[in-house]
Each structure stands twice: as structure tokens, then as C-alpha cells.
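Reader: Hello! I am new to this structure and would love a close look at a single part of it. Could you walk me through one helix and what surrounds it?

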Amino acid sequence: MRFTYIRYADDWILLTNAPTTIVKKLKESYKNFLATELEATLSEEKTAITDIRKDFAHFLGFELTTSEGGKVRKMKAHGRTFKQRFRSGTSALPDRTRLLNRMYMKGYCDKKGFPREIPFLTPLEPYAIIERYNSVLRGLVNYYAEFVKYPSSNLARWCYIIRFSCFKTL
């Protein structure tokens, strides 16, 4: 069995290839350890056992998943057919639900993800409006780009929402 432990401040995730029965026992032992040794409680609402081969695990604004590794697929390119082996590994994607909710709450889009104007910014000079939106884009890209496997495609929807919200506001 393999284990990978990742911690950031008070958030942590444990990735393993152990069977579910063992993972449930581990969760119970961590719960007991936190209660007895650290006088802390494990949040049952936030603590989930997830098979990332079937569903996403949510951690710090990312959706973690794994690809089916070791599979050989036939590929075609430039009129030639060849076989390529895909390696397994954990991938990180932006947490789509969380990002959409945050952009909706801040007024960049509606609940369905369609860009909209931000009326309270319209009195500002165009330069100030663009600078404000650019800072949002920089923050988004700086947070996700290093960890996302294909930033240009995985962040395209979010950049689109910010850009077109800017256009509508102008």
C-alpha cells in the first residue's frame, strides 16, 4: 500500500491505494488520535472517503482525480497509427462548482455561468476597470496554473467569464 499525505494549514488529505475497509479504520484511528492527543475534532461533514478513480476529491479549490494508468491506446497523427501508453497519476483540476459559485457571488456571472456586467464599476475610467479585471485574472492563473496539467484548456472557461464580464462592464 502507498500513502501520500498533503497538509496546508488545518486542511489535509490522505491519498492511498488501500482497500476501503482499511481506509475506514484509518479514519476512525485519526479521529481518536485527534480527540485524545490534540483535543481536536474531525469534522464529519468535511471528511469524506472518495475513490478518485470514480469521483473527484475536493481539496483547497482543486478537484483531484486519477487517470487509468498503464493503458495502451491507439493514436492517429499525420496519417500514421501508433500505440501510446498513458501513465497513471493524480491530476488536479480547478474545482468547477466552487469557482462558479465564487464568480456568481462576486457578480462576474449568473448562476449558469454566463458573464454579466458589474454595475458599480461603470463610473470608473476604462483603464481602472481593465486593471481591476486583470488583477482578478492574474490571481486566478497564479493560483491554479502551476498545479493544473493543461492550464490553457482547464482555465479557459474561467478566463472567458472574467474577460467578457469586463467587456460588458465597459
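Author: Happy to help; what follows is a walk around helix 5, with a short look at some other places afterwards. Please keep in mind that this is a predicted model.

Let us begin with the partner from further up the chain, helix 3. Helix 3 covers residues 126-144 and helix 5 covers residues 156-169. Their axes are 10 Å apart, and the two helices pack at an angle of about 175 degrees. Angles over 145 degrees count as roughly antiparallel, so helix 3 is roughly antiparallel to helix 5. Which residues make this contact? From helix 3 come Ile129, Ile130, Tyr133, Val136, Leu137, Leu140 and Val141. Helix 5 answers with Trp158, Cys159, Ile162, Arg163, Ser165, Cys166 and Thr169. Sorted by kind, the residues of this contact are eleven nonpolar, two polar and one charged.

Helix 5 has another partner, helix 2, which spans residues 96-105. Here the angle is about 5 degrees and the axes lie 11 Å apart. Because angles under 35 degrees count as roughly parallel, helix 2 is roughly parallel to helix 5. On the helix 2 side, the contact uses Arg96, Leu99, Leu100 and Met103. On the helix 5 side, Trp158, Ile161 and Ile162 take part. This contact divides into six nonpolar residues, no polar ones and one charged. If you compare the two lists, you will find Trp158 and Ile162 of helix 5 in the contact with helix 3 and again in the contact with helix 2.

Now turn to the surface. Ile130, Tyr160, Phe164, Phe167 and Leu170 make a nonpolar surface patch of about 450 Å². Helix 5 gives the largest share of this patch, three residues, and Tyr160 lies in helix 5. Ile130 is also part of the contact that helix 3 makes with helix 5.

Away from helix 5, a good place to pause is Lys27, which sits in helix 1. Side chains of opposite charge can pair when their charged atoms come close. The structure holds six salt bridges, and one of them joins the side chains of Glu44 and Lys27, at 3.4 Å from N to O. Glu44 belongs to the loop between helix 1 (20-37) and strand 3, while Lys27 belongs to helix 1, so the pair ties together parts that are 17 residues apart in sequence. Setting aside neighbours within four places in sequence, Lys27 touches Leu42, Glu44, Thr47 and Ile49. Leu42 is 15 residues from Lys27 in sequence, with 9.1 Å between their C-alpha atoms.

Finally, two loops deserve a glance. Most residues other than glycine have a negative phi. Ala9, in the loop between strand 1 (3-8) and strand 2 (11-16), has a positive phi of about 55 degrees. Leu60, in the loop between strand 3 (57-59) and strand 4 (62-66), also has a positive phi, near 50 degrees.

How values were computed:
Residues numbered from 1 in each chain as written. Predicted model: local features only at pLDDT ≥ 70, side-chain atom pairs only at ≥ 80, totals over all residues. Heavy atoms only, no water. Axes fitted to C-alpha atoms, helices over the stretch in contact; angles between N-to-C directions. Helix = DSSP H or I, 4+ residues; strand = E, 2+ residues; numbered from the N terminus. Parallel < 35°, antiparallel > 145°, perpendicular 65-115°, else oblique. Contact = heavy atoms within 4.5 Å. Nonpolar A, V, L, I, M, F, W, Y, C, P; charged D, E, K, R; others polar. Patch = residues over 30% accessible without salt bridge, like charges linked within 9 Å, V, L, I, M, F, W, Y side chains within 5 Å. Areas by Shrake-Rupley, 256 points an atom, 1.4 Å probe, with all protein chains shown as cover. Salt bridge = Lys/Arg side-chain N within 4 Å of Asp/Glu carboxyl O.
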